[in-house]
Amino acid sequence: MLAKRIIPCLDVKDGRVVKGVQFVGLRDAGDPVELAKKYSDERADELIFLDISASHEGRKTMVDVIEKTAANITIPFTVGGGINSVDDMKRILRAGADKISLNTAAVLRPELIREGATIFGSQCIVVAIDARSVGENRWEVYTHGGRNATGRDVIHWAQEAEALGAGEILLTSMDDDGEKKGFGLELTKRVSEAVGIPVIASGGAGSREHFYDVLTQGKADAALAASIFHYDETSIHSVKEYLQTKGVVVRP
Amino acid sequence: MIGIIDYGMGNLYSLSKALERLGYSYEFASQAERLPEYSGLILPGVGAFGDAIANIRELGLEQAIKGYATTGRPILGICLGMQLLFEKSAEHGENAGLGLLGGEVVRFRGDYKVPHMGWNQLIIKQKQPLLNGVQEGDYVYFVHSYHVLCQSDVLLATSDYHQEVTAIVNRDNVYGMQFHPEKSGETGMLLLRNFAVQCEGVLT
């Protein structure tokens, strides 16, 4: 059976991991390649790098990070952040990333999804959606790192992204992000039921139980977390072990 | 020396690095006349079937690959590369493939998520040297919206995604893997190594 995926996310700025990762035994906890290796060894199912570099130099450094990562791990990884054109996608995929994640650029110009899917295939194109609650069972799409409201309905945008050729949705519940009180279950369930492509739930992971909830009740195909793994609050192994005891299929 | 066929479709970097880590030498091959120099060929690929086969034809690689297959040296198609080995595909209209294996490529249809994306288990159908060390139930990484329907005699392994999904195929010297071995952890590396060993001709 197809396994539910557990995906750590790394924020990278100018070639360094930010959000102070605290691991024992790492020579350089700021080195994205070393962290990618560690997570890959711990049986992460995929990785996501979010490039938050603001400068052109920082973006060039990211390509170097991608090449080194691809040469050192044997699990798939996605790169997001600052991808605005087919040329940007090409540069990142050629360097060895398996998928690219589009967020603000896709909202500003939805055709970018179609262009990417046509050239590289839908399986390469992840559309990341930052969602904030605006009433009962209604969520609005935010862009620019969650700063700008767009007036767009999250469910409609997810469906439009799928129609344009997205292969997967990375859905972040801004209301839950950083709170560690669990993923946005209702949001995730509604989006997952509204589209025919896989949905990665993000934002709110604080315990192993939260992963169970979002992968069952929330109907997510995969769950992403950052700080809970970076700070060794729980390990990927521990999350997977728990999921297995609860009958969720995971790659052990 | 293994030739990784470069016809402008997909991520060759990860695959080449995987071979490098296994200690096998490779070259990217896009010139038809050079294919006979290699001890084995890998046909990778992501993207659309129609574009892929058009590129292969444009580069004059179709006859070269078919000719290579008759020499008895190993060929491995990966993901879309595996699908290209079959007779035809229904992806965006009907397209003929290389026809090295009998069968066709159809879209997943049903009330479930497409692409079939993520880690799924191998169900072993025929134990062959390519599968040395691979256990029933080992996980590999799939990502595809189309899958191959073929005769059971070419199936070495399948996977289960709302139906039996063709995962590893083989007839004589022609091999295919629907998943990405270069992205499938230690199981994928084992499969790649087993293929590379066949290319070196040292398998006993």
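This note sets out points on a predicted model with chains A and B, taking the annotated sites, a pocket and some backbone features in turn.

1. Annotated domain of chain B. An unreviewed UniProt entry lists residues 4-198 of chain B as "domain: Glutamine amidotransferase". Over residues 4-198, chain B is 26% helix and 31% strand. The C-alpha atoms at the two ends of this stretch are 15 Å apart.

2. Annotated site of chain B. Under "active site", UniProt (unreviewed entry) lists B:Cys79, B:His180 and B:Glu182. These residues span 104 residues in sequence, yet no two of their C-alpha atoms are more than 10.9 Å apart, so they gather at one spot.

3. B:Cys79. This residue is placed in the loop between E4 and helix H4 (80-84) of chain B. B:Cys79 is buried, with a relative accessible area of 5%. Its phi is near 55 degrees, a positive value in a residue other than glycine. A reviewer may wish to note that the residue with this backbone angle is also one of those in the "active site" annotation of the unreviewed UniProt entry.

4. B:His180. The loop between E14 and helix H5 (185-200) of chain B holds B:His180. Its relative accessible area is 10%, and B:His180 is therefore buried, the limit being under 20%. Leaving aside neighbours within four places in sequence, B:His180 is in contact with B:Val46, B:Ile78, B:Cys79, B:Tyr141 and B:Val143. B:Cys79, one of these contacts, is listed with B:His180 in the UniProt annotation.

5. B:Glu182. The loop between E14 and H5 of chain B also contains B:Glu182. This residue counts as buried at 7% relative accessibility. A polar contact of 3.0 Å joins its side chain to that of B:His180. Apart from neighbours within four places in sequence, the residues in contact with B:Glu182 are A:Thr74, B:Ser14, B:Leu15, B:Ala18, B:Ile78 and B:Leu192. A residue of chain A, A:Thr74, is thus listed among the contacts of B:Glu182.

6. B:Ser16. Helix H1 (residues 12-22) of chain B includes B:Ser16, which counts as buried at 2% relative accessibility. A polar atom of the B:Ser16 side chain lies 2.7 Å from the backbone oxygen of B:Tyr13. Beyond neighbours within four places in sequence, B:Ser16 is in contact with B:Ile4, B:Tyr26 and B:Phe28.

7. Helix H3 of chain B. In H3 (residues 61-70), the buried residues are B:Leu61, B:Glu62, B:Ala64, B:Ile65, B:Tyr68 and B:Ala69. Their cover includes strand E1 (2-5), strand E3 (40-43), helix H2 (49-58), strand E4 (75-78) and strand E14 (174-177) of chain B. Just after the helix, B:Gly72 takes a positive phi of about 90 degrees.

8. Largest pocket. The space in the largest pocket is about 1,100 Å³. Its lining has 43 residues, of which A:Asp11, A:Leu50, A:Asn103, A:Asp130 and A:Gly145 are the closest to the centre. Among the elements giving two or more residues to the lining are strand E1 (5-13), strand E6 (125-133), helix H4 (104-108) and helix H9 (227-230) of chain A. By residue class, the lining comprises 16 nonpolar, 17 polar and ten charged residues.

9. Annotated site of chain A. The "active site" annotation of an unreviewed UniProt entry covers A:Asp11 and A:Asp130. The lining of the largest pocket includes both A:Asp11 and A:Asp130. A:Asp11 is in strand E1 of chain A and counts as buried at 13% relative accessibility. A:Asp130 is in strand E6 of chain A and also counts as buried, at 13% relative accessibility.

10. Surroundings of A:Asp130. The side chains of A:Asp130 and A:Asn103 are joined by a polar contact of 3.3 Å. Leaving aside neighbours within four places in sequence, the contacts of A:Asp130 include A:Glu140, A:Tyr142, A:Gly145, A:Thr172 and A:Met174.

11. Further backbone features. A cis peptide bond, with omega of about 5 degrees, joins B:Val114 and B:Pro115. B:Pro115 lies in the loop between strand E7 (103-107) and strand E8 (116-121) of chain B. In chain A, A:His144 has a positive phi of about 55 degrees although it is not a glycine. A:His144 belongs to the loop between strand E7 (139-143) and strand E8 (148-153) of chain A, and counts as partly exposed at 31% relative accessibility.

How values were computed: Residues numbered from 1 in each chain as written. Chains lettered and ligands numbered in written order. Predicted model: local features only at pLDDT ≥ 70, side-chain atom pairs only at ≥ 80, totals over all residues. Heavy atoms only, no water. Buried < 20%, exposed > 50% of the residue type's maximum accessible area, 1.4 Å probe, protein only. Helix = DSSP H or I, 4+ residues; strand = E, 2+ residues; numbered from the N terminus. Contact = heavy atoms within 4.5 Å. 1 Å grid on protein atoms, 1.4 Å probe; cavity = no way out; pocket = protein on both sides within 12 Å on 5 of 7 lines; lining within 4 Å. Points joined across faces, edges and corners; volume = space filled by probe spheres on them. Nonpolar A, V, L, I, M, F, W, Y, C, P; charged D, E, K, R; others polar. UniProt positions renumbered as here; feature names shortened; annotations may be inferred. Polar contact = N/O pair within 3.5 Å; in protein donor to acceptor, adjacent residues only side chain to side chain.
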